[in-house]
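Trainee: Got a minute to go through this model with me? I'd like to start with the cores and then move on to the sheets and the chain contact.

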Amino acid sequence: MSGAFADGGALTPEPMEILVVEDEVRLAQHISRALTEAGHEPVMVHDGETALGKTDLKRYDLIVLDVMLPRMDGFEVLRRLRAAKIDTRVLILTARGEVSDRVTGLGLGADDYLAKPFAMQELVARVGALGRRFPEEAPIKLQIGDLVLNLVDRKLYRGPRRIELSARELMLLRVLMREPGRIFSRTELCERVWEREHEYGLKLVEAYISRLRKKINSPPLIHTVRHLGYTIREPE
Amino acid sequence: MRNWPLRWKIAHYSAGLAVAATLGGAMTTWFVMRHAEIAAFDLRLTTDAQEFFRDVEHFEGGRTNSGPVFKEIFVPLSLRKHLVEVTNASGAVLYLSPRLRQPFPRDGIKEFHNHKIDGKNVRVAEFSENGLTLRAGDDLKEINQIGRDIFLAMLGAIPTVLLITLFGSTWVASKAIAPVEEIRQAASRITAQRLDQRLPVPPTNDEIAGLIEMLNATFERLQRSFEQSARFSADASHHLKTPIAILRADVEEILADLNCSESTQARAEGLLHRIHHLSSVVENLLLLSRADAGRVELSQAEFELGEVLEGVLDDALTLAEPLHLTVEADIPKHLLLKADPTFVGIIAQNLVENAVKYNTPGGRIRVEARAVNGAVEMTIGNTGDGIPKERAGLLFERFYRVRGGGRVPGHGLGLSIARELARAHGGDVELVRSDGSWTEMRVRLPQVA
């Protein structure tokens with residue numbers, strides 16, 4: 001993955017040593033590449049026993065752990081890690097996506113949870129968030145230049161001017177403003193805004209983006225990156 | 001009677017049997033008693049006749065030339081209450097007992113036999129000694145008195161027998177069926193969510209215990225196949241989602257690769273969206289298979305329906321604009337619902353999507369909600385061609401689309417998912433109206449699922 005997705009300056013994290021436990025070698029390689037791109041140092045293993053062997057020898061900053069592993073599943077790995085008093089942060093990857101899985105994972109001491117198939121940028125962003133030494137408090141307002149979104153009363157201001165937003169416009173803008181500079185593909189925006197695939201999702205994303213642009217007015221903050229998607233950033 | 005409870009049936013059968021048994025007993029008693037009484041009567045009469053002839057024989061100086069002297073006093077008292085006739089050698093009647101109005105007809109038979117006299121069955125015998133002939137007998141009805149009384153008494157007892165057996169066997173049958181009722185109740189508690197439950201096997205070794213063991217074995221097999229299918233969906237999802245995740249990462253790399261040409265990137269973007277669609281199909285199939293296994297997990301929360309519908313209505317309005325559709329919404333404020341907000345959102349999204357999809361340009365969409373008897377009813381109506389009656393039944397079938405082919409997007413799971421999700425909450429989705437101009441779906445969700 002070359003620079004295109006990574007040029008969001010706000011995303012630059014502290015480099016971390018990350019253990020990637022994923023039995024599908026190809027997916028593990030993708031994850032490692034993406035994490036390397038983001039400035040981390042990933043180490044790949046493909047089963048639970050090897051993972052436990054690695055954590056015995058060395059303390060990692062973060063573990064990306066798949067649930068469905070051959071022989072010993074991810075939950076068991078997590079249980080043994082915690083039993084061995086290893087408190088390294090763990091991001092669980094699962095293909096099942098059931099509520100009870102999420103509850104099991106978090107109950108065993110996982111720090112975050114991502115369902116397959118995920119956008120690689122999403123994984124990188126979650127890893128980045130987990131890597132911060134002090135977990136971020138949920139922000140009360142998001143700001144890009146003179147555009148301020150108050151998350152409590154859901155009011156948007158451009159300078160002194162109050163802008164009314166519809167429900168979906170608000171959801172979309174919130175996704176963009178949380179990670180300024182990151183390029184969101186239209187597909188990813190569809191996934192973020194709707195719980196289930198909307199048949200007219202792409203059409204709707206375009207419509208809402210164009211409405212948001214009109215409302216936010218100039219100088220433009222929402223930019224189209226050809227074939228990649230949209231991003232929000234301060235005017236240069 | 002076919003629809004009666006089993007215990008009533010058993011009660012009626014046994015009452016019928018008891019009455020038949022009583023009747024049979026009465027008949028037998030009557031028959032046996034008659035036989036015995038007639039034999040006793042014959043013996044008594046023979047003895048009396050012998051006594052009579054002995055008295056005649058032993059009467060002092062009683063003998064004349066013409067034969068023995070007859071005196072009425074010779075006829076034993078016990079004999080007089082019967083029908084008795086005494087004649088001499090020349091056939092002249094010497095004595096007739098009071099009940100006998102005329103002499104016996106002469107039939108020449110000596111032994112006991114039955115003879116019809118004055119329309120009555122009379123048992124009669126003839127004894128002769130020393131020129132005197134004694135004919136004695138009686139009405140069979142008189143002889144068979146006790147047998148007949150017992151017979152009548154037993155007939156009279158039938159209503160009592162009937163009542164006692166009817167109530168008694170209802171009680172007995174209830175007691176006998178009680179374990180069956182217990183089985184029914186215990187079995188009704190075993191649902192898809194609680195298939196691991198078993199019926200308690202009683203320590204007895206009777207038919208009920210056998211039945212319970214058989215049922216438990218059936219539940220065992222059912223549970224195994226349920227678990228198998230649930231495990232299959234989990235496994236299938238893993239085996240589908242992981243390759244999709246790899247595919248997605250592949251495509252995302254192409255998208256991010258600045259060395260790729262624009263046309264390649266444009267194609268990669270299209271692919272990415274198809275992958276999104278593919279994973280949605282997998283997600284929906286999983287949801288349906290969980291619904292089939294009764295294992296939809298609800299994360300319940302209390303929320304206002306209006307808040308969940310905001311986004312869905314926003315989408316409808318946005319999509320309506322280029323199609324010149326009018327969207328009307330009547331959602332009361334503070335309509336509270338305790339349910340899974342995500343799933344309620346999906347139900348609404350699927351139905352509103354259809355309302356847009358099957359609409360006609362310049363048409364109308366109306367979304368309404370209200371509280372009705374502890375439930376929230378949401379109706380989504382749209383103008384359009386309507387669903388042909390013969391197809392309305394297929395509407396909620398999986399992968400069914402009213403208009404075939406590529407004209408309308410989607411994969412035909414929306415309605416069945418909406419229905420399954422509503423049902424998981426204890427509600428439902430129904431088609432309430434569809435004629436040429438207006439189609440209306442109704443969602444019912446209990447306010448507390």
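**Cores, sheets and the chain contact**

Mentor: This is a predicted model. The largest nonpolar core has 63 residues, and the members that touch the most others are B:Ile347, B:Leu351 and B:Val352.

Trainee: Which element gives the largest share of this core?

Mentor: That is α8(B), with 9 residues.

Trainee: And what does B:Val352 touch, leaving out residues up to four places away in sequence?

Mentor: B:Val312, B:Asp315, B:Ala316, B:Val367 and B:Ile380.

Trainee: How many residues are in the other core?

Mentor: 38 residues, in a core that lies apart from the largest one. Among them are A:Ile63, A:Leu69, A:Ala119 and A:Val124.

Trainee: Why would such residues end up together?

Mentor: In soluble globular proteins, nonpolar side chains tend to be buried together.

Trainee: Back to chain B overall. How many helices and strands does it have?

Mentor: 10 helices and 14 strands. Of its 449 residues, 28% are buried. If you take the contacts in chain B between residues at least 6 apart in sequence, 62% of them join residues at least 24 apart.

Trainee: What about α10(B), mostly covered or mostly open?

Mentor: Mostly covered. Helix α10(B), residues 414-424, has 10 of its 11 residues buried. The buried ones include B:Leu415, B:Ile417 and B:Leu421, and also B:Arg419 and B:Glu420.

Trainee: What do the buried residues of α10(B) pack against?

Mentor: Two helices of chain B, α6 (262-292) and α8 (341-357), and two strands of that chain, β13 (428-434) and β14 (438-446). After α10(B) comes B:Gly426, which has a positive phi near 85 degrees.

Trainee: Those strands, β13 and β14. Where do they sit in the sheet order?

Mentor: At the end of an open sheet of 5 strands in chain B, ordered β9-β11-β12-β14-β13, with mixed pairing. β9 (326-330) and β13 of chain B are the edge strands, each pairing on one side only. From one strand to the next the twist averages 15 degrees.

Trainee: Which helix packs on that sheet and touches β9(B)?

Mentor: α7(B), which also touches β11 (364-372) and β12 of chain B. The direction of α7(B) makes about 170 degrees with that of β9(B).

Trainee: How do β12(B) and β14(B) pair?

Mentor: In the antiparallel sense, over 9 bridges, with β12(B) covering residues 375-383. One bridge to look up is B:Met378, whose partner in β14(B) is B:Val443.

Trainee: Switching to chain A. What order do the strands of its open sheet have?

Mentor: β2-β1-β3-β4-β5, 5 strands with parallel pairing. β2 (41-45) and β5 (112-115) of chain A are at the edges with a single partner strand each, so one side of each has no neighbour in the sheet. Neighbouring strands there are turned by 20 degrees against each other on average, direction ignored.

Trainee: Can you give me a pair to check by eye?

Mentor: Try β3(A), residues 62-66, and β4(A), residues 89-94, which pair in the parallel sense over 5 bridges. A:Val64 stands opposite A:Leu91 in β4(A).

Trainee: Which strands does α1(A) touch where it packs on the sheet?

Mentor: β1 (17-21), β2 and β3 of chain A, with the α1(A) direction at about 170 degrees to that of β2(A). Helix α3(A), residues 74-83, packs on the sheet too, touching β1, β3 and β4 of chain A, and its direction makes about 150 degrees with that of β3(A).

Trainee: Now the contact between the chains. How many residues does it take from each?

Mentor: 41 residues from chain A and 41 residues from chain B. On the chain A side, α8(A) gives the most, with 4 residues. That side divides into 20 nonpolar, 9 polar and 12 charged residues.

Trainee: At what angle do α6(A) and α7(B) cross?

Mentor: Roughly 105 degrees, and the axes of α6(A), residues 167-178, and α7(B), residues 305-323, come within 7 Å. That angle makes α6(A) roughly perpendicular to α7(B).

Trainee: Which residues meet there?

Mentor: A:Ala167, A:Arg168 and A:Met171 in α6(A) meet B:Glu310, B:Gly311, B:Asp314 and B:Asp315 in α7(B). By class, this contact has 2 nonpolar, 1 polar and 4 charged residues.

Methods
Residues are numbered from 1 along each chain as its sequence is written. Chains are lettered from A and ligands numbered from 1 in the order in which they are written. This is a predicted model: local features need pLDDT of at least 70, side-chain atom pairs count only at pLDDT 80 or more; totals for chains, interfaces and linings use all residues. Axes are lines fitted to C-alpha atoms, for helices over the stretch in contact, and angles run from 0 to 180 degrees between N-to-C directions. Angles under 35 degrees count as roughly parallel, over 145 as roughly antiparallel, 65 to 115 as roughly perpendicular and the rest as oblique. Two residues are in contact if their C-beta atoms, placed from the backbone, lie within 7 Å. Ala, Val, Leu, Ile, Met, Phe, Trp, Tyr, Cys and Pro count as nonpolar, Asp, Glu, Lys and Arg as charged, and the others, Gly among them, as polar. A residue is buried if 20 or more other C-beta atoms lie within 10 Å of its own, exposed if 12 or fewer, and partly exposed in between; C-beta atoms are placed from the backbone. Two strands pair if DSSP finds at least two bridges between them. A nonpolar core is a set of buried Ala, Val, Leu, Ile, Met, Phe, Trp, Tyr and Cys residues joined through C-beta atoms within 7 Å.
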